[in-house]
Every structure is written in structure tokens, then in C-alpha cells.
Amino acid sequence: MPAARPNSLFGMGNPLLDISAVVDKDFLEKYGLKPNDQILAEDKHKALFEEIVKKFKVEYHAGGATQNSIKIAQWMIQDPHKVCTFFGCIGEDKFGEILKQKADEAHVDAYYYEQTEEPTGTCAACITGDNRSLVANLAAANCYKKDKHLDLKENWKLVEKAKVYYIAGFFLTVSLESILKVAKHASENNKLFTLNLSAPFISQFFKDALMEVMPYVDVLFGNEMEAATFSKEQGFQTEDIEEIAKKAEALPKVNKKRPRIVVFTQGKDGTIMTKGGDKVETFPVLKIDQKDIVDTNGAGDAFVGGFLSELVQDKELEQCVKAGHYAANVIIRRAGCTFPEKPDFH
């Protein structure tokens with residue numbers, strides 16, 4: 001088995017500290033939150049982040065989509081440590097320190113751009129019963145700068161060390177020029193650049209940025225909802241997920257040495273993957289009892305993490321999908337994007 005090298009998998013994105021707590025109805029009402037929702041923080045939510053820490057028993061988890069996937073990949077690989085590198089922006093504050101500590105505990109080689117303009121980004125998960133209301137405040141994550149971090153010689157060296165790159169579509173809202181620099185490096189050196197559609201709003205409102213990066217994408221991830229929105233925005237004129245995958249695969253590509261692979265997950269339905277030419281294959285997910293599902297929120301990130309852990313070890317694509325399904329199956333049994341000490345994947 002080819003052991004993965006340190007720093008061979010590179011991720012860049014929005015590092016957020018997830019702060020989760022079981023709260024009460026009064027707390028939700030005070031901040032005008034629905035029991036089950038996902039929103040971006042507004043002014044009226046500013047005090048929420050202080051109060052939740054003071055008033056309830058909180059758990060901290062390093063979050064943010066790309067960082068979640070990178071951590072899962074490292075967990076799947078286990079040894080050596082620091083196979084995975086992560087870049088993103090945090091503040092010089094208590095939450096930033098916690099993010100550094102959590103990345104360290106996950107054995108991820110995290111290099112954060114630290115600045116003082118904005119505090120570390122956070123996502124409050126306010127839990128009542130089996131509902132969770134998510135309030136995200138990007139803050140510092142939004143301040144990543146190519147010239148202040150990515151371009152620095154010692155940082156760019158880490159980019160050059162990698163052979164597989166992963167960036168969630170969410171980062172398109174932060175630093176397109178950083179993504180393009182990494183994507184072009186991958187393409188010019190016949191390395192693998194992978195991207196996630198991440199959310200319908202990316203395909204809708206950041207379409208130009210997305211399509212500027214697309215010619216460099218070797219592996220495109222997404223779920224059924226994101227695929228449908230992407231198809232609509234691109235004028236594919238189909239709602240058939242296999243057709244959407246084929247059309248996404250056929251979009252212009254700079255590095256002709258490898259065909260684009262498109263991987264779409266569909267929750268409990270099978271995952272579909274293009275196979276070059278006109279072939280699309282479906283892979284059933286692992287069965288799970290409804291009563292064992294605790295939190296499906298990290299499932300997509302986990303799937304990508306599992307997939308990348310095998311990809312970076314040059315495994316067959318079928319094996320990558322299997323690893324993705326395994327990781328997602330483990331994660332949805334737990335609250336937050338957390339995992340047991342060791343994986344049991346063969």
C-alpha cells in the first residue's frame with residue numbers, strides 16, 4: 001500500500017469554529033431563531049455568541065466545509081500525521097487559538113493567515129431536541145488574502161509539495177485569485193485539482209467565478225440539489241442527474257491528460273460518478289437505520305474527506321467512493337463533524 005506523504009493533500013477554505021450547545025426555547029426566541037434552520041449572522045445575533053458560551057455547556061469543533069473534509073481525510077489515513085495541509089484566515093483571538101489546537105489534535109498541518117481586523121469566524125449550533133439552528137458568522141474567514149499569505153515563499157512551497165488539491169465552492173466568495181493560482185499550478189503540473197459545488201447559491205450568484213475555475217477542475221463534487229441548480233444555471237435543460245454529470249464532465253478543460261470526474265451524492269440514494277466517455281456508474285450507499293442517524297449535516301464533507309484519503313494514495317476511483325461512503329456513514333451517527341479515534345475501513 002503506497003503510504004501517503006506529508007503535505008500531499010492541500011485544502012484551502014473558510015475555517016470556522018463550531019460552537020454547539022443544547023439551548024432552551026427562550027434562547028431561540030430571544031434571537032429570533034427557528035428550531036431547525038441555517039442562517040448567516042446579522043447584527044441582532046452578535047451577542048448570541050458570547051451568551052451561548054456563558055450560559056450553556058458548549059462543545060467546540062473546528063468546522064468549515066473544507067477544513068472538515070481535510071480533517072476526515074487525515075483521520076482516514078491515520079499515519080503519517082500531517083498528510084493534509086490547510087490554509088485559511090482566522091483572527092488573533094481565543095477562538096483562533098482553539099481552531100489551531102483542534103487542527104493540531106486532528107494532525108492537520110494548518111497554516112492560518114492571522115489578522116486583527118476581524119475576529120475568527122464562528123458557527124453557533126443551537127440544539128433543542130433533535131433540531132439544530134445554525135448561525136454562521138464568516139468574519140475573519142472572509143479576509144483571506146493571496147498576497148498576504150498564499151504568495152509567501154514558505155507557504156507556496158507547501159502548495160508545491162501537494163499532489164491533490166481540494167477547495168469547497170464556498171471559498172469562491174472569498175478569494176477567487178487564490179483559487180485560480182492553486183488550480184493553475186495543479187493543471188500545469190498534471191496534479192489533481194478538486195472542487196465542490198457546496199451550495200445552490202454558489203452556482204446562482206457566484207456563477208462567473210465558478211466557471212472561471214471550472215476548466216481546471218479534475219474532480220467535481222456536489223449533491224443532488226446543487227447539481228440541479230448548476231444544470232439550471234448552465235442551461236443544460238435536464239433534471240436527470242446522470243445527464244447533468246455527463247454535461248458537467250464535458251465542459252471545457254485545460255489539462256487534457258485526464259478526463260474530468262464528476263461525483264454527485266444523493267443522500268440515501270446511490271452516488272453517481274462519470275467514468276470518461278459516456279459511462280456513468282451508480283454506487284449504493286451503506287445502509288443505516290433511521291434511528292441511528294444523529295446529524296446528517298457533516299455527511300457531504302465526510303464523503304469528500306473519505307474520497308480524498310484514497311485518491312491521494314493513488315487508489316482506484318471505486319475505492320475512493322467506498323471510502324467516502326464509509327466516512328459519511330460514521331459521521332452521521334455523531335453530533336457535529338466528529339469521529340471516533342480510529343477508522344475501521346478496509
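Q: Where does His 45 lie?
A: This is a predicted model, and in it His 45 sits in the loop that runs between strand 3 (37-40) and helix 2 (46-55).

Q: Is His 45 buried or exposed?
A: Buried: the relative accessible area of His 45 is 1%, and the cut-off for that word is under 20%.

Q: Which residues is His 45 in contact with, once neighbours within four places in sequence are left aside?
A: Tyr 31, Leu 33, Ile 39 and Val 135 are the contacts of His 45 on that basis.

Q: Let's go on into helix 2. Is Val 53 buried, exposed or partly exposed?
A: Val 53 belongs to helix 2. With a relative accessible area of 26%, Val 53 comes out as partly exposed.

Q: Which contacts does Val 53 have beyond its neighbours within four places in sequence?
A: Ignoring those neighbours, look for Ile 19, Val 58, Tyr 60 and Phe 95 around Val 53. You can also set sequence against space: Val 53 and Ser 20 are 33 residues apart in the chain, yet their C-alpha atoms are 9.2 Å apart.

Q: Now the cysteines. How many disulfides does the count come to?
A: The count is 0 disulfides. The test is a pair of cysteine sulfur atoms within 2.5 Å.

Q: Why is Cys 89 not bonded to Cys 143?
A: Because the sulfur of Cys 143, the closest cysteine sulfur to that of Cys 89, is 5.2 Å away, which is too far for a bond. Seen from the other side, Cys 143 is in no disulfide either, and its nearest cysteine sulfur is that of Cys 89.

Q: Are Cys 89 and Cys 143 buried or exposed?
A: Cys 89 is buried, at 0% relative accessibility. Cys 143 is buried too, with a relative accessible area of 14%.

Q: On to backbone geometry. What do most phi values and most peptide bonds look like?
A: Most residues other than glycine have a negative phi, and most peptide bonds are trans. With that in mind, go to the loop between helix 3 (65-77) and strand 5 (84-91), where Pro 80 is found. The peptide bond from Asp 79 to Pro 80 is cis, with omega near -5°. Gln 78 is found in that loop between helix 3 and strand 5 as well, and although Gln 78 is not a glycine, its phi is positive, at about 65°.

Q: What is phi of Gln 237?
A: Phi of Gln 237 is near 55°, a positive value in a residue that is not glycine. Gln 237 is placed in the loop between helix 10 and helix 11. Its side of the accessibility scale is exposed, with a relative accessible area of 77%.

Q: How are two packed helices described?
A: By the angle between their axes and the distance between the axes. Try it on helix 10 (residues 224-234) and helix 11 (residues 241-249): the axes come within 10 Å and cross at roughly 60°. Helix 10 and helix 11 are therefore oblique to each other. For handedness, helix 10 passes helix 11 in a left-handed crossing.

Q: Which residues meet where helix 10 touches helix 11?
A: From helix 10 come Glu 224, Ala 227, Ala 228, Phe 230 and Ser 231, and these meet Ile 241, Ile 244 and Ala 248 of helix 11. Sorted by class, this contact has 6 nonpolar, 1 polar and 1 charged residues.

Q: Ser 231 turns up there. Is Ser 231 buried or exposed?
A: Ser 231, in helix 10, is buried, with a relative accessible area of 1%. Leaving aside neighbours within four places in sequence, Ser 231 is in contact with Phe 236, Gln 237, Thr 238 and Ile 244.

Q: Let's repeat the exercise. At what angle do the axes of helix 6 and helix 7 cross?
A: Helix 6 (residues 153-161) and helix 7 (residues 176-188) have axes that cross at roughly 45° and come within 10 Å. That makes helix 6 oblique to helix 7. Here helix 6 passes helix 7 in a right-handed crossing.

Q: Which residues form the contact of helix 6 with helix 7?
A: Trp 156, Val 159 and Glu 160 in helix 6 meet Lys 181, Val 182 and His 185 in helix 7. By class, the contact divides into 3 nonpolar, 1 polar and 2 charged residues.

Notes
Residues numbered from 1 in each chain as written. Predicted model: local features only at pLDDT ≥ 70, side-chain atom pairs only at ≥ 80, totals over all residues. Heavy atoms only, no water. Buried < 20%, exposed > 50% of the residue type's maximum accessible area, 1.4 Å probe, protein only. Axes fitted to C-alpha atoms, helices over the stretch in contact; angles between N-to-C directions. Helix = DSSP H or I, 4+ residues; strand = E, 2+ residues; numbered from the N terminus. Parallel < 35°, antiparallel > 145°, perpendicular 65-115°, else oblique. Left-handed = near helix turned anticlockwise from the far one by under 90°. Contact = heavy atoms within 4.5 Å. Nonpolar A, V, L, I, M, F, W, Y, C, P; charged D, E, K, R; others polar.
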